[in-house]
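Subject: Structure for you to look at, with notes

Dear colleague,

Please find below the structure I promised to pass on to you. My notes follow it, and I would suggest keeping the structure open while you read them.

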Amino acid sequence: MDKNGFSWLVLEPFVHAVVRDNNVLLYNTLGKNHLLYRQEAEITQIVRQLIIPENGYVAKLTTVELENPRVVRFIADLRKKFMGDLFDPQWSDSRPFNIVPLPILKGGILPVEQQLVEVTFQVNTSDLPDLKTYKEASRQFTFPVFADSPCQEMPVDMIRSVAAQMETLPFATVNFCGTGILDDPRFGGYRRIFGKTSFRRKYHVNLRHLIIPLTFIPGKNEHLALYFTFPPDQQQLDLLQLAVQSYAKHPGVEFNFIVQESREVDYASELISGLGIKHAGFKPYLNGENIRFFEDQVFMSESDIYGSKPGRNEVFSRISMNQNDYGKLTIFPNGDVYANVNDPLLGNLASHTVAELAGREHETGISWKRRRMDVEPCSHCLYQFLCPPVSSYEIMTRRFNFCHILR
Ligand code: SF4
């Protein structure tokens with residue numbers, strides 16, 4: 001202890017600190033480890049001091065505070081995890097200088113249209129009965145749209161116009177999603193429009209709607225996402241087997257199994273291992289009656305959250321934006337454009353350019369910048385910067401806690 005009766009406590013700049021109520025979470029974004037203190041008023045008070053912006057992660061601790069056993073343990077914990085340390089004020093009369101890194105929004109650097117990273121064309125809507133079973137799927141992940149109303153087709157000229165507006169983007173992913181698109185006579189047109197760009201092109205197709213023989217072969221920068229739905233019939237199983245054989249040498253082809261209950265997960269797992277599918281994934285489908293399945297299979301636990309070990313950039317991005325949606329637009333066959341299809345319409349391509357609509361979302365939209373700290377109950381939760389960004393499932397159901405932490 002120094003002669004002045006105090007020491008400076010300095011928190012490392014790669015530590016992320018959150019205080020909620022009387023609880024404290026410190027997360028080391030380099031070491032990916034954490035310290036958690038619940039209902040320890042002394043610790044809460046110190047960390048509150050540290051995170052006041054003008055204090056810059058530096059707090060003055062008095063001799064009395066430093067003799068408190070809880071504070072002694074806190075300092076020892078910080079040292080053990082390389083999260084912070086005490087500085088003797090004899091080294092410097094003034095508060096030690098510390099850099100507290102702050103997230104930088106790309107919006108301050110790039111024009112907004114340059115921030116577009118993904119455009120999804122929903123090239124048609126369909127009233128096919130098998131799609132009706134999954135009529136909410138397109139609100140949860142990229143999937144063909146079911147429509148009760150007359151089916152719509154996106155004019156190829158609309159795709160051409162958007163492509164011309166995106167020409168100058170450094171890099172983007174372009175998704176094409178729809179019923180039967182691979183066998184649509186206009187498909188060659190879509191491919192050619194983007195054929196000379198460096199954009200990644202991904203075609204999203206329900207396996208049920210493939211037509212034998214499978215003539216589509218992914219070219220350079222092309223990917224295929226196939227979706228397997230339940231209940232499977234023999235035709236779909238045959239198509240799956242054929243697709244697995246046909247695309248075995250194409251790493252850009254992925255197989256997604258849309259599951260609504262545990263036995264579908266088991267069945268899909270058997271298919272994946274039985275057929276030796278390398279690029280397989282599950283897409284849980286929320287049908288309005290299977291929230292228990294989501295609780296069992298999808299909801300995050302405390303160990304899932306810590307186990308995800310987000311790095312510094314991920315934590316910063318969660319403070320600034322929604323990484324699931326940021327820079328992404330979805331276009332419907334009638335030209336309607338959304339930043340997230342569960343949020344209000346941004347506008348229509350008949351009266352706005354892509355850049356104008358991206359600018360509208362950037363300035364006043366709610367999807368790209370939706371953070372957990374803005375929604376209930378996450379805003380009260382210690383894990384708001386460790387949890388993955390708000391998902392479309394949550395936006396669709398207006399329930400922002402697909403977790404076992406806060407109910
Ligand atoms: S309440 Fe929100 S921030 Fe907290 S754990 Fe659940 S989802 Fe994550």
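I begin with the ligand, whose surroundings are made up of R372, P377, C378, C381, Y383, Q384, C387, N401, C403, I405 and L406. By residue class, this shell consists of eight nonpolar residues, two polar ones and one that is charged. Please keep in mind throughout that the model is predicted, not an experimental structure.

One member of the shell, P377, deserves a second look, as the peptide bond that leads into P377 from E376 is cis, with omega near 0 degrees. P377 belongs to the loop between α12 and α13, and H380 is found in the loop between α12 (354-364) and α13 (392-397) as well. Is H380 buried or exposed? With 11 other C-beta atoms within 10 Å, H380 is exposed, because a residue with 12 or fewer such neighbours counts as exposed. H380 also takes part in a long-range approach: D21 is 359 residues away from H380 in sequence, yet the two C-alpha atoms are 8.1 Å apart in space. In the segment after α13 you will find R398, a residue other than glycine whose phi is positive, near 55 degrees. R398 is exposed, having 9 other C-beta atoms within 10 Å.

Turning to the overall architecture, the protein has 407 residues, of which 33% count as buried, and its C-alpha trace spans about 85 × 45 × 40 Å along the principal axes. It contains 13 helices and 17 strands. Two domains are assigned, domain 1 covering 6-91 and domain 2 covering 112-298 + 327-368, and their C-alpha centres lie 47 Å apart. If one takes the contacts between residues at least 6 apart in sequence, 69% of them join residues that are at least 24 apart.

The smaller number of strands is in the sheet I describe next, which is open, has three strands in the order β5-β1-β6 and is antiparallel in its pairing. Its edges are formed by β5 (58-62) and β6 (84-87), each of which pairs on one side only. On average, neighbouring strands in this sheet are turned by 30 degrees against each other, if direction is ignored. Strand β1 (residues 6-11) is joined to β6 by four bridges in the antiparallel sense, and within this pair L9 has L86 of β6 opposite to it. Helix α1 (residues 41-51) packs on the sheet and touches both β1 and β5, its direction making about 140 degrees with that of β5. In the loop that leads from α3 (69-80) to β6 sits F82, another non-glycine residue with a positive phi, near 55 degrees. F82 is partly exposed, with 14 other C-beta atoms within 10 Å.

The other sheet to note is also open and is built from nine strands, in the order β14-β13-β12-β11-β10-β7-β15-β16-β17, with mixed pairing. At its edges stand β14 (280-284) and β17 (347-348), and since each has a single partner strand, one side of each is left without a neighbour in the sheet. Several of the pairings can be followed strand by strand. Strand β7 (residues 118-122) runs parallel to β10 (residues 173-177) and is joined to it by five bridges, with T120 having N175 as its bridge partner in β10. Strand β11 (residues 200-206) pairs with β12 over six bridges, again in the parallel sense, and N206 has Y227 of β12 opposite to it. From β12, five further bridges lead to β13, once more in parallel, and here A225 is partnered by E254 of β13.

Strand β12 (residues 222-228) is mostly covered, with five of its seven residues buried. Between β12 and α7 (234-246) there is a loop that holds P231, and P231 is joined to F230 by a cis peptide bond with omega of about -5 degrees. At the other end of the strand order, helix α8 (residues 262-275) lies across β13 (253-259) and β14, running at about 155 degrees to β13.

With best wishes

Technical notes:
Residues numbered from 1 in each chain as written. Predicted model: local features only at pLDDT ≥ 70, side-chain atom pairs only at ≥ 80, totals over all residues. Domains from an automatic or database assignment. Pairing = 2+ DSSP bridges. Helix = DSSP H or I, 4+ residues; strand = E, 2+ residues; numbered from the N terminus. Contact = placed C-beta atoms within 7 Å. Axes fitted to C-alpha atoms, helices over the stretch in contact; angles between N-to-C directions. Near = placed C-beta within 6 Å. Nonpolar A, V, L, I, M, F, W, Y, C, P; charged D, E, K, R; others polar. Buried ≥ 20, exposed ≤ 12 C-beta atoms within 10 Å, placed from the backbone.
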